[in-house]
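Visitor: Before we discuss any labels, could you show me the model, so that I can ask what each label rests on?

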Amino acid sequence: MRESRPSRAWSVCILVVLVTALALFGLDRFGRGNRVFGRVGSFTGRDVPLSEVEGPKDAYLSWRQAGYRGRTLVFISDRWETFVPSELLPADLFQVYPLQLYKPAQLLEENIDGVTFLYIASLNSICRGIVALVPQSEVDRVTEQALKSKDYRVTERGLYLSREGFPRWFTTGPRFAGLPEPALVYVGASYFRFAEPEDLYRQLSAAGLKSDSLLLSREAGKKEVTSREIAKLKRFAELVGAAGPATPGREPGTAVRHD
Amino acid sequence: MTNELSQRKAYALLALITLFALFLDCFQLASQPVSQDDFYVAVSSINYMESGQLGPTMWNHPGLRNILVYGALRLFGSGVIGVKGVTLVLGLFCTPLMGLVAQRIFKSWRVGLIAALLWACDALVIDFSRQGINDIYLAFFPLAAIYLAYRFRESGRIGWLVGAGLFFGMGLASKWSGLFPLVVTLALLLADLRREPGPGRAARFCQTLVLMLVLPALVYLLTFLPWFSRGYSLAEWPALQRSMYLETSQHVGYHPKFWDDRDNRAYKWFVVPSVFVDPFMNLGGALEPGRSEPDFEKAAIVELGVANPLVWLLVLPAMFLVLRRAARERDEGARYLAGLFFLSYLPLVASPRPIWLNTALSVLPYAIMAVAYLVWTQSQRLRRGRVLLAAYLSLVLLVAAPLYLLAVGKGTGIPVLKEYLAEKYLKQFKGAPNAGSPPTPQAPGTR
């Protein structure tokens, strides 16, 4: 074997290590740079951009239209719905070449409802992680199901349960510890079957949550939601203070508040 | 009889065997019905490259397959070349690589050529060279990397080692079991350095470590670029790897199987005849004009990757022979091959989860090289060895012929076998009101 010169060998080492370090740095920058934020406000500052929507489908369309991407989504509702995504994909047993292929993220948009909208938001890269704030009984139910899955952790803060590598956390309002970045927040009226708006507002404020989009969903069509829950949703809106519609941008907090 | 073949003649024979492999891998490929795996491999590649999302199929494996298949789909469309072109090419190139690597390990072209021939006609190899899924990658990338590592050892040219690192990285980015041959090859290269004292050894030691560890890790990491495009940071990447690891280490299948699925233990592969079962329905060619109900018999396809018993059952005796040579003669090639085989195979044997026969493709190159060595050395010891060797190889080909039909899904075209296979593997579809929808597992917490 012909020996390579030591200086050349060292050069190769330095070059590969440098390229690797650059790649690590570049991938991190690339990932973070793909997040799209709007004008950010805080619950304590009462300047979170807020909108009201009829239901989950409108919420999804609102995020999509605004162009949010790569975000953490805080989902607040009375229940965490589950379904089998493959049931929504077309029958694949009639395939002949050339294959009739599809992009799942686009195809499933035809099936948006209160059950599927978060999954479709994740497929379309609107969110890269979900924090579900649900009643304790719901956390317990999901935890029981999680015991059958492979990637879960139960901590005092709640439950971590991934699906095919997609991170999801389940917790309650009192245990919510906030997030290190501004989140998209969805509040369904049904949550107020079990909680008071003042409590939720206090919990989100205490956690220091920041957001560039707070969607208050009347969850029209959900039979558990009555005028009582809608009234509580309005009270919650008053507590938060309407700060106007969200404006997406590349970085958090770059836009000024719209009064 | 022991005189070695000339290089030119050996290359010509290897080219012939490769042409034979090309024929076996391509014969009537376009008319082979589309399987669910093929279909979802294509959909998963779109999902990964356009949405950065792993899945819907085999989400727990790294994403190189998605990248390559997506590239092929963009280049060639969604026809058979777009969907299966990558595996077809990689599967095909395994054949000459088998010859080239075995020749270097045993310093014998005859062993190399026998290994290439046994590989080319193996039903499991053919089965997975004709499918979109990536098990054949685990044979190709390590073989290519090992070949390049040998070229580096022969010439000292750094470019070969860079190539080896890149190919090992691609092996890792296909499935994590690509790590095993990397570790053994690294040990081989470091052992070289140990024998070569002199100034600059530390530099060459570091160079080897960097090119065989850091470079493959870099390739692996870069294949996650589409995932990062979803907004993830580097700090979030280990959580994904953890999820993938937990799924892979506890994997029991993506769908429940409706047949006797106990043949999934790696220790059996080389002890009893083994088979990889891949039954599916494709109603595309079964709906005739004027008929509303598909013809079940036409739609039922069962592809069987049956291990050729004349080869597979010789693996353990062959490894014994290789080990004996490694111990008695301190033969470097035998030691290296034993390391490749046992480090690739024993973790699968020890695994508590089911390991189906498709995974054997990550071990099979080394197993077949050992068998080639066994039959060649034993034929040399016998008086009429050349005749016996020819008889053995003819017998292997004879057995391989019906196994080939089973591997390419033509078994269901044989009258008696058709009924047996459909009854054994596809009876859950028969008479079902909605034959187009396979039973779906109710996975909780899907969102």
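Visitor: What makes Ala183(A), Val185(A) and Val187(A) a group set against Leu184(A), Tyr186(A) and Gly188(A) in β8(A)?

Guide: In this predicted model, Ala183(A), Val185(A) and Val187(A) point one way from β8(A), while Leu184(A), Tyr186(A) and Gly188(A) point the other way. Both groups are buried, a word that asks for 20 or more other C-beta atoms within 10 Å of a residue's own.

Visitor: Why is strand β8 of chain A called mostly covered?

Guide: A residue counts as buried when 20 or more other C-beta atoms lie within 10 Å of its own, and six of the six residues in β8, which spans 183–188 of chain A, are buried, so the strand earns the description.

Visitor: How do you know that β8(A) pairs with β3 of chain A?

Guide: Pairing requires at least two bridges found by DSSP, and four bridges join β3 (residues 71–76) of chain A to β8(A), so the two strands are paired. They run parallel, and within this pair Ile76(A) stands opposite Val187(A).

Visitor: What makes β9 of chain A a partner of β8(A) as well?

Guide: The requirement is at least two bridges, and β8(A) is joined to β9 (residues 210–217) over six bridges in the parallel sense, so this too is a pair. Here Tyr186(A) stands opposite Leu215(A). The chain passes from β8(A) through helix α6 (residues 197–206) to β9(A), and this β-α-β crossover is right-handed.

Visitor: Why is that crossover called right-handed?

Guide: The term applies when, with the strands pointing away from the viewer, the path from the first strand over the helix to the second runs clockwise, and the path from β8(A) through α6 to β9(A) is assigned that hand.

Visitor: How many helices and strands does chain A hold, and what part of the chain is buried?

Guide: Chain A has seven helices and nine strands, and buried residues make up 44% of its 259 residues. Of its contacts with a separation of 6 or more, 80% are between residues 24 or more positions apart.

Visitor: Where are the domains of chain A placed?

Guide: The domain assignment gives domain 1 as 1–33 and domain 2 as 35–240, and the centres of the two, taken over C-alpha atoms, are separated by 41 Å.

Visitor: What makes Glu164(A) partly exposed rather than buried?

Guide: Glu164(A) has 19 other C-beta atoms within 10 Å, whereas buried would need 20 or more and exposed 12 or fewer, so Glu164(A) falls in between. This residue, in the loop between β6 (158–161) and β7 (168–171) of chain A, has a positive phi of about 50 degrees although it is not a glycine.

Visitor: Is Gln28(B) buried or exposed, and how do you know?

Guide: Gln28(B) has 10 other C-beta atoms within 10 Å, and 12 or fewer is the limit for exposed, so Gln28(B) is exposed. Gln28(B) lies in the loop between α1 (7–26) and α2 of chain B, and has a positive phi of about 55 degrees although it is not a glycine.

Visitor: How do you know that α7 of chain B is largely enclosed?

Guide: Of the 19 residues of α7(B), 15 are buried, so the helix is largely enclosed by the rest of the structure. From first C-alpha to last, α7(B) reaches 27 Å, close to the 27 Å expected at 1.5 Å a residue. Just after α7(B), Gly156(B) takes a positive phi of about 75 degrees.

Visitor: Why are β1 and β2 of chain B called paired?

Guide: At least two bridges are needed, and seven join β1(B) to β2 (residues 300–306), so the pair qualifies, running antiparallel. The bridge partner of Val275(B) in β2(B) is Val306(B), and β1, residues 275–281, has six of its seven residues buried.

Visitor: Which part of chain B supplies the largest share of the side that touches chain A?

Guide: In total, 69 residues of chain B are in contact with 66 residues of chain A, and the largest share of the chain B side, eleven residues, comes from α10(B). That side divides into 34 nonpolar, 27 polar and eight charged residues.

Methods: Residues are numbered from 1 along each chain as its sequence is written. Chains are lettered from A and ligands numbered from 1 in the order in which they are written. This is a predicted model: local features need pLDDT of at least 70, side-chain atom pairs count only at pLDDT 80 or more; totals for chains, interfaces and linings use all residues. Domain bounds come from an automatic or database domain assignment. Two residues are in contact if their C-beta atoms, placed from the backbone, lie within 7 Å. Ala, Val, Leu, Ile, Met, Phe, Trp, Tyr, Cys and Pro count as nonpolar, Asp, Glu, Lys and Arg as charged, and the others, Gly among them, as polar. The expected span of a helix is 1.5 Å times one less than its number of residues.
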